[in-house]
Amino acid sequence: NCHVMEDLKPKTVSLSILVVVEMFNALNAISENESLLQMPPWVNPWLISAIILSSLQHLMILSFSYFQTIFQVAELSIAEWTIVLVASFPVILLDELLKIYSRHIETRDANVSKKNQ
(Lines give C-alpha, C1' and ligand atoms only; values in the text may rest on other atoms or scores of the structure.)
Protein backbone atom coordinates (compact mmCIF):
# COMPACT_ATOMS: atom_id res chain seq x y z
CA ASN A 1 0.00 0.00 0.00
CA CYS A 2 1.63 3.24 -1.19
CA HIS A 3 0.28 6.28 0.63
CA VAL A 4 2.16 8.70 -1.62
CA MET A 5 -0.02 7.71 -4.57
CA GLU A 6 -3.12 8.52 -2.52
CA ASP A 7 -1.88 11.98 -1.51
CA LEU A 8 -3.65 14.63 -3.57
CA LYS A 9 -1.04 17.37 -3.04
CA PRO A 10 1.62 16.05 -5.47
CA LYS A 11 -1.02 15.49 -8.16
CA THR A 12 -2.40 18.98 -7.59
CA VAL A 13 1.03 20.62 -7.73
CA SER A 14 1.80 18.72 -10.96
CA LEU A 15 -1.51 19.73 -12.53
CA SER A 16 -1.03 23.33 -11.44
CA ILE A 17 2.46 23.45 -12.94
CA LEU A 18 1.03 22.21 -16.25
CA VAL A 19 -1.73 24.83 -16.16
CA VAL A 20 0.65 27.69 -15.34
CA VAL A 21 3.20 26.56 -17.94
CA GLU A 22 0.47 26.64 -20.58
CA MET A 23 -0.63 30.11 -19.48
CA PHE A 24 2.98 31.29 -19.77
CA ASN A 25 3.22 29.62 -23.19
CA ALA A 26 0.14 31.54 -24.28
CA LEU A 27 1.88 34.78 -23.24
CA ASN A 28 4.97 33.74 -25.17
CA ALA A 29 2.87 33.11 -28.26
CA ILE A 30 1.89 36.78 -28.57
CA SER A 31 4.84 37.16 -30.92
CA GLU A 32 6.97 34.53 -32.61
CA ASN A 33 10.16 36.59 -32.49
CA GLU A 34 9.54 39.68 -30.37
CA SER A 35 10.29 39.65 -26.65
CA LEU A 36 7.51 40.06 -24.12
CA LEU A 37 9.33 43.25 -23.13
CA GLN A 38 8.98 44.62 -26.67
CA MET A 39 5.46 43.34 -27.29
CA PRO A 40 3.72 43.27 -23.91
CA PRO A 41 0.80 40.93 -23.20
CA TRP A 42 -1.82 43.69 -23.07
CA VAL A 43 -1.57 44.14 -26.85
CA ASN A 44 -3.98 41.21 -26.99
CA PRO A 45 -6.76 41.82 -24.42
CA TRP A 46 -8.64 38.68 -25.58
CA LEU A 47 -5.65 36.52 -24.69
CA ILE A 48 -5.31 38.21 -21.29
CA SER A 49 -9.02 37.64 -20.68
CA ALA A 50 -8.72 33.97 -21.62
CA ILE A 51 -5.71 33.50 -19.33
CA ILE A 52 -7.52 35.18 -16.44
CA LEU A 53 -10.65 33.09 -17.01
CA SER A 54 -8.67 29.86 -17.25
CA SER A 55 -6.70 30.70 -14.11
CA LEU A 56 -9.88 31.53 -12.19
CA GLN A 57 -11.42 28.22 -13.28
CA HIS A 58 -8.33 26.37 -12.07
CA LEU A 59 -8.43 28.23 -8.74
CA MET A 60 -12.13 27.42 -8.41
CA ILE A 61 -11.45 23.72 -8.96
CA LEU A 62 -8.76 23.79 -6.28
CA SER A 63 -10.79 25.86 -3.80
CA PHE A 64 -14.22 24.21 -3.64
CA SER A 65 -14.63 20.78 -2.09
CA TYR A 66 -17.23 19.76 -4.69
CA PHE A 67 -14.70 20.25 -7.49
CA GLN A 68 -11.84 18.88 -5.40
CA THR A 69 -13.75 15.61 -5.11
CA ILE A 70 -14.59 15.44 -8.81
CA PHE A 71 -11.07 16.27 -10.00
CA GLN A 72 -9.24 14.53 -7.12
CA VAL A 73 -7.21 17.63 -6.22
CA ALA A 74 -6.49 19.58 -3.04
CA GLU A 75 -6.17 23.24 -2.15
CA LEU A 76 -2.57 24.50 -2.32
CA SER A 77 -0.76 26.56 0.30
CA ILE A 78 1.20 29.72 -0.49
CA ALA A 79 4.43 27.71 -0.29
CA GLU A 80 3.06 25.19 -2.80
CA TRP A 81 1.95 27.99 -5.15
CA THR A 82 5.47 29.39 -4.89
CA ILE A 83 6.82 26.01 -6.02
CA VAL A 84 4.33 26.01 -8.91
CA LEU A 85 5.38 29.47 -10.09
CA VAL A 86 9.11 28.84 -9.67
CA ALA A 87 8.87 25.53 -11.54
CA SER A 88 6.76 27.09 -14.33
CA PHE A 89 8.62 30.36 -14.91
CA PRO A 90 11.63 28.90 -16.79
CA VAL A 91 9.37 28.34 -19.80
CA ILE A 92 9.27 32.13 -20.26
CA LEU A 93 13.05 32.40 -19.98
CA LEU A 94 13.59 29.54 -22.40
CA ASP A 95 11.23 31.02 -24.96
CA GLU A 96 12.85 34.44 -24.62
CA LEU A 97 16.23 32.82 -25.32
CA LEU A 98 14.79 31.07 -28.38
CA LYS A 99 13.39 34.39 -29.61
CA ILE A 100 16.80 36.04 -29.19
CA TYR A 101 18.38 33.22 -31.21
CA SER A 102 15.67 33.48 -33.87
CA ARG A 103 16.22 37.24 -34.24
CA HIS A 104 19.97 36.63 -34.50
CA ILE A 105 19.43 34.09 -37.30
CA GLU A 106 17.05 36.46 -39.12
CA THR A 107 19.57 39.30 -38.91
CA ARG A 108 22.41 37.07 -40.08
CA ASP A 109 20.35 35.77 -43.01
CA ALA A 110 19.32 39.30 -43.98
CA ASN A 111 22.96 40.43 -43.94
CA VAL A 112 24.03 37.46 -46.08
CA SER A 113 21.21 38.20 -48.51
CA LYS A 114 22.29 41.85 -48.81
CA LYS A 115 25.90 40.85 -49.49
CA ASN A 116 24.81 38.45 -52.25
CA GLN A 117 22.89 41.12 -54.13
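**Notes on the helices, salt bridges and surface of this model**

1. Helix α1 passes helix α5 in a right-handed crossing. Please keep in mind as you look around that this is a predicted model. To find the two helices in the sequence, look for residues 8-28 for α1 and residues 90-115 for α5. Their axes come within 9 Å and cross at roughly 25 degrees. That angle makes α1 roughly parallel to α5, since angles under 35 degrees count as roughly parallel.

2. A second partner of α1 is helix α4, which covers residues 78-88. How far apart are the axes of α1 and α4, and at what angle do the helices pack? The axes are 9 Å apart, and the angle is about 45 degrees. α1 and α4 are therefore oblique to each other. As for handedness, α1 passes α4 in a right-handed crossing.

3. Next, the charged pairs. How many salt bridges does a search of the whole structure find? The search finds 2. One of the pairs joins the side chains of Glu80 and Lys9, with N and O at 2.9 Å. This pair links distant parts of the chain, as Glu80 sits in helix α4 and Lys9 in helix α1, 71 residues apart. So if you have just viewed the packing of α1 and α4 at about 45 degrees, you can look for a salt bridge between a residue of each helix there as well.

4. It is worth checking how well each member of that pair is covered. Glu80 has a relative accessible area of 17% and is therefore buried, because buried means under 20%. Lys9, with a relative accessible area of 28%, is partly exposed.

5. Lys99 forms a salt bridge with Asp95, and here the closest N and O atoms are 3.8 Å apart. Where do Lys99 and Asp95 lie? Both are in helix α5, 4 residues apart, which is about one turn of the helix. Is Lys99 buried or exposed? Lys99 is buried, because its relative accessible area is 2%.

6. Now for the surface. Ile52, Leu56 and Leu59 form a nonpolar patch there, and together they have about 270 Å² of accessible area. Leu56 belongs to helix α2, which runs over residues 45-63. With 51% relative accessibility, Leu56 counts as exposed, because exposed means over 50%. For orientation, you can place Leu56 relative to Asp95, the salt-bridge partner of Lys99: the C-alpha atoms of Leu56 and Asp95 are separated by 25 Å, and the residues are 39 apart along the chain.

7. The loop between α3 (65-71) and α4 holds Gln72, a residue with a backbone angle to look at. Phi of Gln72 is near 55 degrees, a positive value in a residue other than glycine. Gln72 counts as partly exposed because its relative accessibility is 40%. From Gln72 to Ile61, the C-alpha to C-alpha distance is 9.6 Å, with their positions 11 residues apart in sequence.

8. Leu76 also has its place in the loop between α3 and α4. Is Leu76 buried or exposed? At 9% relative accessibility, Leu76 counts as buried. A long step across the structure runs from Leu76 to Pro41: their C-alpha atoms are separated by 27 Å, and the residues are 35 apart along the chain.

9. A last stop is Ala29, in the loop between α1 and α2. Ala29 is exposed, because its relative accessible area is 58%. Ala29 and Pro90 are 61 residues apart in sequence, and their C-alpha atoms are 15 Å apart in space.

10. A short recap may help on a second look. Start with α1, which is roughly parallel to α5 and oblique to α4. Then find the salt bridge of Glu80 with Lys9 and that of Lys99 with Asp95. Finish with the nonpolar surface patch of Ile52, Leu56 and Leu59, and with the positive phi of Gln72.

Note on methods:
Residues are numbered from 1 along each chain as its sequence is written. This is a predicted model: local features need pLDDT of at least 70, side-chain atom pairs count only at pLDDT 80 or more; totals for chains, interfaces and linings use all residues. Side-chain values use heavy atoms; hydrogens and water are left out. Patches are made of residues with over 30% relative accessible area and no salt bridge: like charges are joined within 9 Å, nonpolar side chains (Val, Leu, Ile, Met, Phe, Trp, Tyr) within 5 Å. Accessible areas come from the Shrake-Rupley method with a 1.4 Å probe; for residues, only the protein chains shown count as cover. A salt bridge is a side-chain nitrogen of Lys or Arg within 4 Å of a carboxyl oxygen of Asp or Glu. Buried means under 20% relative accessible area, exposed over 50%, partly exposed in between (1.4 Å probe, protein chains only). Axes are lines fitted to C-alpha atoms, for helices over the stretch in contact, and angles run from 0 to 180 degrees between N-to-C directions. Angles under 35 degrees count as roughly parallel, over 145 as roughly antiparallel, 65 to 115 as roughly perpendicular and the rest as oblique. A crossing is left-handed if the near helix is turned anticlockwise from the far one by less than a right angle, and right-handed if clockwise.
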